[in-house]
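Q: Please take a close look at one part of this model, the largest pocket. Which helices and strands each supply at least two residues of its lining? Go on from there to the second largest pocket and the salt bridges.

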Amino acid sequence: MQIFDAEATAAALPFAALVPALQRRFAAGCEVPPRHVHEIALPDGSRCSSLIMPAWALGGAGTDGGHYGVKIINIAPANAARGLPGLHAGYLLFDAATGAPQALIDGSVLTSRRTAAASALAASYLARTDARRLLVVGAGAVARLLPEAYRTLRRIEQVTVWARDAAQAEALAAHWRGLGFDALAGADLEAGVAQADIVSCATLATEPLVQGRWLAPGSHLDLIGSFTPQMREADDDCFAGAALYVDTEEALHKSGDLIGPRTRGVAAALQPCGTLAALCRGEAPGRRTPQQRTVFKSVGTALEDLAAAMLIAGAA
C-alpha cells in the first residue's frame with residue numbers, strides 16, 4: 001500500500017489530468033451507496049461527526065478487478081479551541097476483486113482538488129467559450145484552487161476575489177499573481193458579479209451572497225457551498241430565467257440554495273436541465289446561446305473521490 005500525504009496528493013492530481021479523469025468517470029458511472037453519518041459523543045461533552053463515503057467501479061471481462069474506495073471525514077467543531085483544524089479526512093483505495101489495499105491518500109487535499117475540478121468540468125459545458133473574467137467568492141481551500149482549475153478549460157485573463165475578510169482576499173490575490181494571473185481583491189461584490197463571465201462561490205454562507213439582479217446576461221454561476229439545507233449562497237433571482245444543472249440529483253434534497261426556493265414555490269426555474277453525468281454522456285444539452293445564463297449547483301459525490309484516487313493509483 002502506498003501512502004500519499006498532502007503534498008504528494010496535490011502533486012498527483014494536476015488539473016490537466018484530473019478534469020478529464022472526472023469526465024471519463026461521470027460518463028462511465030460507478031456504484032455510489034448512500035453515505036453513512038455517525039455522531040460520536042465525547043467524554044468532555046463535545047461531539048465528532050464521522051462521514052463514510054464508499055464507491056466502487058468494477059473492471060470488465062479480461063481486465064483487472066476494478067477499484068473500491070472509502071473516504072472518511074471527521075468533523076470536530078471543538079478543535080478550534082484546541083488549535084487544530086476542524087476537519088480531517090483520509091481516503092483508502094482497494095483492489096475491488098481481492099480487497100487488497102492499494103493506497104492511503106490525504107482526504108482533505110483530494111476533496112478540495114476534485115471539487116474545484118468538478119466545477120471546471122461543468123463550466124466546460126456551461127460557460128461561454130470566450131469567458132475571460134472569473135470572480136471567486138470566498139477565500140478557503142477550494143476557492144484557492146479555482147483559477148487553476150478553470151484555466152485548464154477557459155482562457156482566464158482576470159481573476160477577482162471577494163471575501164468577508166479583506167486581508168484574506170488580498171493574500172489570495174497575491175498568491176494568484178504569483179501563479180501568473182492578473183488577480184485583485186474586490187471590495188464591491190455587486191460590481192464584481194456584474195463584471196464577471198464566471199462567478200464561482202465556495203463559502204460556508206447561510207444567507208445569500210450573490211443576487212440574481214447583479215448577474216450579467218450570458219454569465220455562468222457556480223455554487224459550491226450550500227451543501228446542507230441550512231446553507232445558502234444565491235438568492236431566488238439567481239435561478240429565474242437561468243438553465244440549472246446539478247452534479248447529482250442529491251443536490252435537490254441537500255442544498256439550501258435549492259430547497260429554500262422550492263418550498264417558496266419558485267419551482268419552475270428549479271427543474272434541472274441535467275446532471276453532470278448527463279452532460280458528460282451527451283444526454284443533456286449544455287449552453288445553448290451566448291446570452292443564456294447558466295447555474296451549476298454541486299454538493300459533491302463519492303464518484304469524484306474514486307476518480308481522483310484511481311488517477312493517483314494509476315500514475316503511481
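A: Five elements each give at least two residues to the lining of the largest pocket. Three are strands: E3 (47-57), E4 (67-75) and E5 (87-95). Two are helices: H4 (107-126) and H5 (141-151). Helices (H or I, at least four residues) and strands (E, at least two) are DSSP runs, numbered from the N terminus. H4 supplies the largest share of this lining, with eight residues.

The model is predicted, so local features need pLDDT of at least 70 and side-chain atom pairs pLDDT 80 or more, while totals for chains, interfaces and linings use all residues. Numbering starts from 1 along each chain as its sequence is written, and side-chain values use heavy atoms, without hydrogens or water.

The largest pocket holds about 1300 Å³ of space. Its lining has 45 residues. Closest to the centre are Leu87, Thr111, Val142, Leu204 and Phe227. A pocket is an open set of points on a 1 Å grid where a 1.4 Å probe fits, with protein on both sides within 12 Å along at least five of seven lines; lining residues have an atom within 4 Å of a point. By residue class, this lining divides into 23 nonpolar, 15 polar and seven charged. Asp, Glu, Lys and Arg count as charged, and Gly is among the polar ones.

The second largest pocket has a volume of about 310 Å³. It is lined by 18 residues. Val32, Thr248, Glu250, Thr301 and Ala302 lie closest to its centre. Strand E3 gives two or more residues to this lining too, and so does helix H11 (302-315). Here the residues divide into 10 nonpolar, four polar and four charged.

Now the salt bridges. The structure holds 12 of them, each a side-chain nitrogen of Lys or Arg within 4 Å of a carboxyl oxygen of Asp or Glu.

Start with Glu157 and Arg132, whose side chains meet at 3.7 Å, N to O. This pair links distant parts of the chain, 25 residues apart. Glu157 sits in the loop between H5 and strand E8 (158-162). Arg132 sits in the loop between H4 and strand E7 (133-137). Both flanking helices, H4 and H5, also supply the lining of the largest pocket. Glu157 counts as partly exposed because its relative accessibility is 47%. Arg132 is partly exposed as well, at 22%. The cut-offs are under 20% relative accessible area for buried, over 50% for exposed and partly exposed in between, with a 1.4 Å probe and protein chains only.

Next come Asp197 and Arg133, with their closest N and O atoms 3.3 Å apart. Asp197 lies in the loop between helix H7 (189-195) and strand E10 (198-201), and Arg133 in strand E7, so the salt bridge ties together parts 64 residues apart in sequence. Asp197 counts as buried, at 6% relative accessibility. Arg133 counts as partly exposed, at 39%.

A further salt bridge joins Arg232 to Asp236, and its closest N and O atoms are 3.0 Å apart. Arg232 is buried because its relative accessible area is 12%. Asp236 is buried too, at 18% relative accessibility.

Finally, Lys71, Arg114, Glu304 and Asp305 are linked in a network of salt bridges.

Note on methods:
Grid points are joined across faces, edges and corners, and a volume is the space filled by probe spheres set on the points.
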